[in-house]
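Me: I want to go through the labels given to this structure one by one. For each, I will ask what justifies it.

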Amino acid sequence: MKTLTPEIDSQPEAHQEHDHHQPPKGIMRWLLTTNHKDIGSLYLWFSLIMFFIGGAMAMVIRAELFQPGLQLVDPNFFNQMTTVHGLIMVFGAVMPAFTGLANWLIPMMIGAPDMALPRMNNWSFWILPFAFLILLGSLFMEGGGPSFGWTFYAPLSTTYSNDSTALFVFSVHIMGISSIMGAINVIVTIVNMRAPGMTWMKLPLFVWTWLITAFLLIAVMPVLAGVVTMVLTDKFFGTSFFDAAGGGDPVMFQHIFWFFGHPEVYIMILPSFGIISAIVPAFSRKKLFGYSSMVYATASIAILSFLVWAHHMFTTGMPVFAELFFMYCTMLIAVPTGVKVFNWVATLWRGSITFETPMLFAIAFIILFTIGGFSGLMLAITPADFQYHDTYFVVAHFHYVLVTGAIFSIMAAAYYWLPKWTGHMYDERLGKLHFWCSVISVNVLFFPMHFLGLAGMPRRIPDYAVQFADINQIVSIGGFAFGLSQLIFLAVVLKCIKGGEKAPAKPWEGAEGLEWTIPSPAPYHSFSTPPEVK
Amino acid sequence: MIRNLFILLALIITPASLAEEMPLNMTRGVTDISERVYDLHMTILYICCAIGVVVFAVMIYSLIYHRKSKGAEAANFHESTKVEVAWTVIPFIILILMAIPATKTLIAMEDPTNADITIQVTGSQWKWHYRYFDQDIEFYSLLSTPRAQIENQQAKGPHYLLEVDKPLVLPINKKIRFLMTSDDVIHSWWVPAFAVKKDANPGFINEAWTKIDKPGTYRGQCAELCGKDHGFMPIVVKAVSEQEYEAWLSAQKQTAEAEKAQAQAALSQTLSMEQLMTEGEAVYLASCAACHQPNGMGLPGVFPALKDSAVATQTDMLNQHLDVVINGKAGTAMQAFAKQLTAQQLAAVITYERNAWGNDTGDMVQAADINNHAKQEAK
Ligand code: HEM
Ligand SMILES: [Cu+2]
Ligand SMILES: [Cu+2]
């Protein structure tokens, strides 16, 4: 198993740490780079910027909802904020962050010199900024940007939307192409470029989970592309896929969308599982419990994720047997997910635990993601879902899995690998401050949303009945605090890049994996000669 | 602030049993089904809490006693088939136990047969329309909260955003079947007290049912994003005893008769500009301002302005003006108002649009003109 990229084949001796292969200086370095570490950094910075832009929109939402009544924005703009906030967080913050981590880490973890398709790698990153410029630009069009929710249900997004929908569709297409290219690269790299001796069941779990994620991406991004194209032609070219008057069906939109959408939520959480499975053993100084069951659990979650899409559609009026089928399948997903949580807890058990910032975020992930999993299980119970659906209970649920799940794992990963990336230790005190501010505020922000939803507050509304006022106020305060806390993270990262204590090759006592065998910061080219894995 | 902090503390430390009493939990509702849904909700909640307590207790124990700073040394185990099989099988069994009552409740919920009364519920941007089958009664139900309250110029009432001009009136102890549909986008008709939430899909009909145990006023909201004023299309149901319901039905029929007679009479009436403008403004604010805005400016790019627009100012376009308001414009958010408003109301609102906000055409439209327009079309 030793397929090298053509580049390397042609000049095999030129790949020690030589000056001639150092990066060019200035902007061209970043525009033309084919280096997996550069591209990884680009993705990560892009994701952080998007996280702050999407976060700013969340602040607008929470400010408007601070009190009942319309104060700051009109309902049309409010809807644009929720829509674009959702789109940016999903496609701009979480997914690029994972691709950035994959770029940085997968080659180093499997002992490869770079990603398998470096030029496509450059391309898949550089089309992304344009996608988001188009999306954000559409907000300034007459009538504003997309305002139909990130789920863009037809016919609200077709007949009843304004012309900016064309830009929305174009932008989603570009995001999709970028994701597919990224996924192809990950698969080809993992399948072909593992170092000798790096057998499948020795792969770090981050690599495994990303491999499975990449297959999910290739399976469902084309479905998303299909459905946005149908929206485009329904709106502008007179087709009626989703218009009953022309023989179409608006509910079919939801089937197609969620056939993409549910695997999509696993795309946003499987790499997290890999990250947590690296960090928890490192700071417990103990091997991961149940490695192989982790791999099988990930694979079964991925397969099941194709069979549960309609749990988002229980109120659309499906036949009872379909409702039962989707309820059972959804409940079934709780089993492999539970296995993962139990494995992490068993890894902690009788370890030798320390609490550096990455570990703090990982522990918070396990607890809070599990809470998100519990509310997910509740949502699977169809009769109860009739009450929960489209309320703040759902908003609480998916923020627990996305913010304290995906985002917390990304934060944990950043702290864990920053020394390897920058060659400096980050400021542990600031890191811990960031953690405690985040973990407290995030619960003030999202936990009370469960109560709002149960008490009957629908989601996606700019104004609400007076009995929801007190809790909304608490939620908004939590929101502002959480938003501000993230500035600490920015400070930590900048400080760590500028300087700090020099990081050794392996700064964490219990860390395992090939990436810790090379110096910190990781040299521009690593593993030009593949390491031997025993 | 302080008060909110206390509430926050209370939220965190209050056990779920206490939360039942506060409006922080799902309502028990007033139907057999809603009670069963509530019980399911509480069961699964308690199961989750129990699992959570066990898992988190083990975890926290480990975080406290297996710390390096306490001198803990890492053990060596990293596998155990027995344990792994156990924690795969036990959750599976718990899930099956959970699925049984859920299945039973679901099957009961999805059985709308043998209904005593059928009501057609139609959503449209942003109001509900109710039609009583076999009764010849139908009406629109619109948000009745004054704009001044929404814009914070007036204190908010106790039912802020949850009040309508005409509630849906239903008898208790009767099985009521709802047929849901929509005129434009997808809406969702949700009354928590009945545990009924069903999407209203344009071009399709969905069924749901309820049987209310207790008289009272029950409030809900549209639950599916349906555009700009999705947050402003509440549902109010007044559940009354059977006698009251019968009385209400006959009163409704009488009013409907009276209104018909009045509409007929209006056809031969000629109103003054002032009368038309006063009525027109009221109709405009209730039925048109959500889109075209109270100042007639619309929302550029979404809803056209009527102030200074060709249709509303040019005399030779009067016919088009009548046409678009009466018949709407297919494939856009502009609805046909012929069924929603009387001829007199239509005349008034069109007159209003042609003379308000500096449009000042001086044109007057009378109920008879509306009628003639409709007749011409029929030809
Ligand atoms: C910075 C902290 C955040 C706050 C205060 C926040 C707040 C909110 C609120 C209040 C809503 C509901 C809007 C409504 O239904 O009316 C919302 C929707 C949403 N959020 Fe967040 N959010 C935050 C972070 C995130 C992150 C990190 C993600 C993804 C990883 C995310 C993903 C979403 C999605 C997908 C929606 C649904 C949008 C829609 O309804 O179409 N949010 N957010
Ligand atoms: Cu799903
Ligand atoms: Cu709605």
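Me: Why is Cys222(B) called buried?

Reply: This is a predicted model, so every value here is computed from predicted coordinates. Cys222(B) has 1% relative accessibility. Buried means under 20%. Cys222(B) therefore counts as buried.

Me: What does Cys222(B) bind through its SG atom?

Reply: Cys222(B) is one of the protein donors of the copper ion (ligand 3). The others are Glu224(B) through O, Cys226(B) through SG and His230(B) through ND1. They lie 2.1 to 2.4 Å from the ion. The cut-off for a donor to copper is 2.8 Å. Along the chain the donors follow the spacing C-x1-E-x1-C-x3-H.

Me: Why is the arrangement around the copper ion (ligand 3) called irregular?

Reply: The four donor atoms subtend angles of 83 to 127°. Tetrahedral requires all angles between 85 and 135 degrees. The lower end, 83°, falls outside that range, so the tetrahedral label fails. Square planar needs opposite donors over 155 degrees apart. The upper end is 127°, so that label fails too. The arrangement is therefore irregular.

Me: Is His230(B) buried or exposed?

Reply: His230(B) is at 2% relative accessibility. Under 20% is buried, so His230(B) counts as buried.

Me: Which label does His373(B) get, buried or exposed, and what makes it so?

Reply: Its relative accessible area is 8%. Buried means under 20%, so His373(B) is buried. His373(B) lies in helix α11 (residues 367–378) of chain B. Not counting residues up to four places away in sequence, His373(B) touches Asn319(B), Leu322(B), Asp323(B) and Ile326(B).

Me: Now the iron. What makes the arrangement around the iron atom of ligand 1 octahedral?

Reply: Six donor atoms surround the iron atom, with angles of 87 to 179°. Octahedral takes six donors, with opposite ones over 155 degrees apart and all others between 65 and 115. The arrangement counts as octahedral. The protein donors are His85(A) (NE2) and His399(A) (NE2), at 2.0 to 2.1 Å. His85(A) lies in helix α4 (residues 75–110) and His399(A) in helix α15 (residues 392–422), so the pair ties together parts of chain A that are 314 residues apart in sequence. Both His85(A) and His399(A) are buried.

Me: Which residues coordinate the copper ion (ligand 2)?

Reply: His262(A) (ND1), His311(A) (NE2) and His312(A) (NE2) do, at 1.6 to 2.0 Å. Their spacing is H-x48-H-H. His262(A) sits in helix α9 (residues 250–267) and His312(A) in the loop between α11 and α12, so the pair ties together parts of chain A that are 50 residues apart in sequence.

Me: Why does His262(A) count as buried?

Reply: His262(A) has 5% relative accessibility. The limit is under 20%, so His262(A) counts as buried.

Me: How do you know that the side chains of His312(A) and His262(A) form a polar contact?

Reply: The contact is 3.4 Å. The cut-off is within 3.5 Å. His312(A) is also in contact with Tyr153(A), Trp258(A) and His389(A).

Me: Why is Phe140(A) called exposed?

Reply: Its relative accessible area is 73%. Exposed means over 50%, so Phe140(A) is exposed. Phe140(A) is found in the loop between α6 (128–138) and α7 (165–192) of chain A.

Me: What makes chain A as compact as a globular protein of its length?

Reply: Chain A has 17 helices and zero strands. Its radius of gyration is 23 Å, close to the 24 Å that the globule rule gives for 534 residues, so chain A is as compact as a globular protein of that length. Buried residues make up 68% of chain A.

Me: Why is chain B called more spread out than a compact globule?

Reply: Chain B has 11 helices and 10 strands. Its radius of gyration is 28 Å, well over the 21 Å that the rule gives for 379 residues, so chain B is more spread out than a compact globule. Its C-alpha trace spans about 95 × 50 × 40 Å along the principal axes. In chain B, 47% of residues count as buried.

Note on methods
Residues numbered from 1 in each chain as written. Chains lettered and ligands numbered in written order. Predicted model: local features only at pLDDT ≥ 70, side-chain atom pairs only at ≥ 80, totals over all residues. Heavy atoms only, no water. Donors = N, O, S within 2.8 Å, 3.2 Å for Na, K, Ca; no water. Buried < 20%, exposed > 50% of the residue type's maximum accessible area, 1.4 Å probe, protein only. Contact = heavy atoms within 4.5 Å. Polar contact = N/O pair within 3.5 Å; in protein donor to acceptor, adjacent residues only side chain to side chain. Helix = DSSP H or I, 4+ residues; strand = E, 2+ residues; numbered from the N terminus. Rg over C-alpha atoms; globule rule 2.2 N^0.38 Å.
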